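Biologist: I should like a close look at the empty space in this model, together with the elements that surround it. Please proceed from the pocket to the cavities, and then to the neighbouring helices, strands and loops.

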Amino acid sequence: MSGWGSGYVTDITYMTGYYRQQSPSMIALGCLLGGVASPMPGPDDQVSYLELGCGQGFGAMVLAASNPSWRVTAIDFNPAHIAAARAWAAEAELDNIRFIEADFATLAEDPASAEVPQADFVSMHGVWSWVPQPVQSGIVRLLRSKVKPGGAVHVSYNALPAWGGALGMQRVLRECGTRLGSRSDRQAEEGLKVVQQLHAAGALQLTRSPWVHSLLERMGTLPMQYLAHEYINSSWAPCFHADVAAAFADAKLEWVGSVNLVENFPDLTLTDEQRVVVQRFDDPLVRELVKDVCLERSLRHDVFVRGARRMGPQLRDAELMELSLALNISPEDMPYEADMPAGRATLSRGFYGPITEALAAGPRRVGDLLSLPALDGKRDNPAELIGILVGLDMAEPALRAGAEPGTQAMRFNRATMSKLMRTENPGRAIAAASHALGAGAPCTLFDLHVLDRVRQGEGEDDIGEWVGRFGGNLDEEGRGKLREVFSRSLRVRLPILRASGVF
Ligand SMILES: C[S@@+](CC[C@H](N)C(=O)[O-])C[C@H]1O[C@@H](n2cnc3c(N)ncnc32)[C@H](O)[C@@H]1O
């Protein structure tokens, strides 16, 4: 481990990933569903977006590519991350994003902080509970000076008590791994083997933890970069929500809701008996504590606002009615049952059927969806419709519904495809920049490849050639599966990406 990382892993880079919770439209929805006035960006707004701990910057670049009028700033202290991100942005000719190499422990007091603009939205994913306390304090000082009044901050972190059962496992993984390996990914690999060995030997504190079971089950599939950045840092410390809220209060930031939208609905997440306890308390922090002991909420995605303005349900619903949604699934894949923390929920066919059919033709306003003539059910609850469709990943908010595909977004998607195809598993979930959504549209690298080929005039008849190119060393069965992947991408995913304005 280097001397400059304050115990954070710096010898291997983190992987690229897109997390929809980081997009301003989702953050704004977290505010609205929490009953607080939303800074939902308008189509032509000049949003200032700041990402702290951006890694190789993929998420920040998707947002910059999707929204040419925004100014995106992304910061990380690892020069390998910043160098990779700048090269990628240059290849895609993105000119509305800036990457800054800086350490949060000292940035707020550094003259370099003048380069960081005031922000409407800030997001930090995978940072807070992985860095030492002086770095957390530096983040809060930075937020104090850089979040605009009314601005919103998204922060994810490993949460207690859900992570409690894994504390011993992380400590063993790190302490043993660092003694058996030199580079962080080797340390993670060796540490995990020790956990496995102890688990097999009946170590009580490991065998009774569901966390350890689930980690060992997924052992062969988890990228070593993830394991190293998750478990090998010296300051890995899951935290209680109220402690994060207390830290953020120093930056005048108030907790307002969750970007995991379903979590904003006690009816969908808690049993009747659990709700009785929650309702005894006015204090939102105590309510969240009670929820955290009821739920398996290990990674929280919280939204804080600087100057939260409460709004009544009428005003909130009026805003939600104006939001447009884009469908993210094919209507025939619509699940009419969903597993919710409070149990299995049935989604009415008479209500969600006509809505998904209407959305299949393209993005629609929530108000228009709730006015569809054939609808069988209540038409006055836009929050629940959004909570279900967006919260369960069936739809995405669309900031510019119907907008032409952006040239900047398309250029970025092409650059991403040719760059990641060289290094990543093509089945990996990523996102395509979309000007219509103002955010990423979920897809895989396979989808981006098929999209590129279709734009070159190829189609169904060329699937055999695509399979030959990607599956050269696969057996007949493997080639058959690959053919199916390409065929589904062409038939199902591309129409969805088209309706989401990606091309
Ligand atoms: C787990 S990674 C998450 C990266 C990205 N947000 C994502 O979710 O893919 C945490 C990131 O925080 C950065 N980081 C850690 N400590 C930092 C510090 N003191 N100052 C600036 N960046 C830091 C790391 O280099 C790393 O890129």
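Modeller: The account below takes the second largest pocket, the cavities, and then the elements connected with them. The model is predicted.

The second largest pocket holds about 530 Å³ of space. Its lining consists of 23 residues, and those nearest the centre of the pocket are Leu-33, Gly-34, Val-256, Asn-264 and Arg-287. Four elements give two or more residues to this lining: strand S6 (253-258), helix H12 (272-278), helix H13 (284-294) and helix H14 (313-322). S6 provides the largest share, with 5 residues. By class, the lining of the second largest pocket has 9 charged, 8 nonpolar and 6 polar residues.

H14 also takes part in a helix packing. Two packed helices are described by the angle between their axes and the distance between the axes. For H14 and helix H17 (residues 382-389), the angle is about 50 degrees and the axes are 9 Å apart. H14 is therefore oblique to H17. On the H14 side, the contact is made by Arg-316, Asp-317, Leu-320 and Met-321; on the H17 side, it is made by Pro-382, Ala-383 and Ile-386. The residues of this contact comprise 5 nonpolar and 2 charged, with no polar residue.

The cavities come next. Rolling a probe the size of a water molecule over the atoms shows where empty space is left. The structure has 2 cavities of 30 Å³ or more.

The largest cavity contains about 110 Å³ of space. Helix H18 (407-420) and helix H19 (445-455) each supply at least two residues of its lining. The lining residues are Met-410, Asn-413, Arg-414, Met-417, Leu-448, Leu-451, Asp-452, Arg-455, Val-502 and Phe-503. Of the residues lining the largest cavity, 6 are nonpolar, 3 charged and 1 polar.

The second largest cavity contains about 30 Å³. Tyr-18, Arg-20, Ser-23, Ser-25, Met-26, Glu-396, Pro-397, Ala-439 and Gly-440 form its lining. Helix H1 (24-33), strand S12 (395-398) and strand S14 (439-444) are the elements that give two or more residues to this lining. The lining of the second largest cavity divides into 4 nonpolar, 3 polar and 2 charged residues.

S12 leads on to a sheet. This open sheet has 3 strands in the order S11-S8-S12, with antiparallel pairing. Strand S11 (364-365) and S12 are its edge strands, each pairing on one side only. Strand S8 (residues 324-327) pairs with S11 over 2 bridges in the antiparallel sense, and Leu-325 stands opposite Arg-364 in S11.

The backbone of some loops also merits attention. Most residues other than glycine have a negative phi, and most peptide bonds are trans. In the loop between H17 and S12 lies Asp-393, a residue other than glycine whose phi is positive, near 65 degrees. Glu-93, also not a glycine, has a positive phi of about 55 degrees; Glu-93 belongs to the loop between helix H3 (79-91) and strand S3 (97-101). Leu-160 and Pro-161 are joined by a cis peptide bond, with omega about 5 degrees. Pro-161 lies in the loop between strand S5 (147-158) and helix H5 (167-180).

Technical notes:
Residues are numbered from 1 along each chain as its sequence is written. This is a predicted model: local features need pLDDT of at least 70, side-chain atom pairs count only at pLDDT 80 or more; totals for chains, interfaces and linings use all residues. Side-chain values use heavy atoms; hydrogens and water are left out. On a 1 Å grid over the protein atoms alone, a cavity is a set of points where a 1.4 Å probe fits but cannot get out, and a pocket is an open set with protein on both sides within 12 Å along at least five of seven lines; lining residues have an atom within 4 Å of a point. Grid points are joined across faces, edges and corners, and a volume is the space filled by probe spheres set on the points. Ala, Val, Leu, Ile, Met, Phe, Trp, Tyr, Cys and Pro count as nonpolar, Asp, Glu, Lys and Arg as charged, and the others, Gly among them, as polar. Axes are lines fitted to C-alpha atoms, for helices over the stretch in contact, and angles run from 0 to 180 degrees between N-to-C directions. Angles under 35 degrees count as roughly parallel, over 145 as roughly antiparallel, 65 to 115 as roughly perpendicular and the rest as oblique. Contact means heavy atoms within 4.5 Å. Two strands pair if DSSP finds at least two bridges between them.
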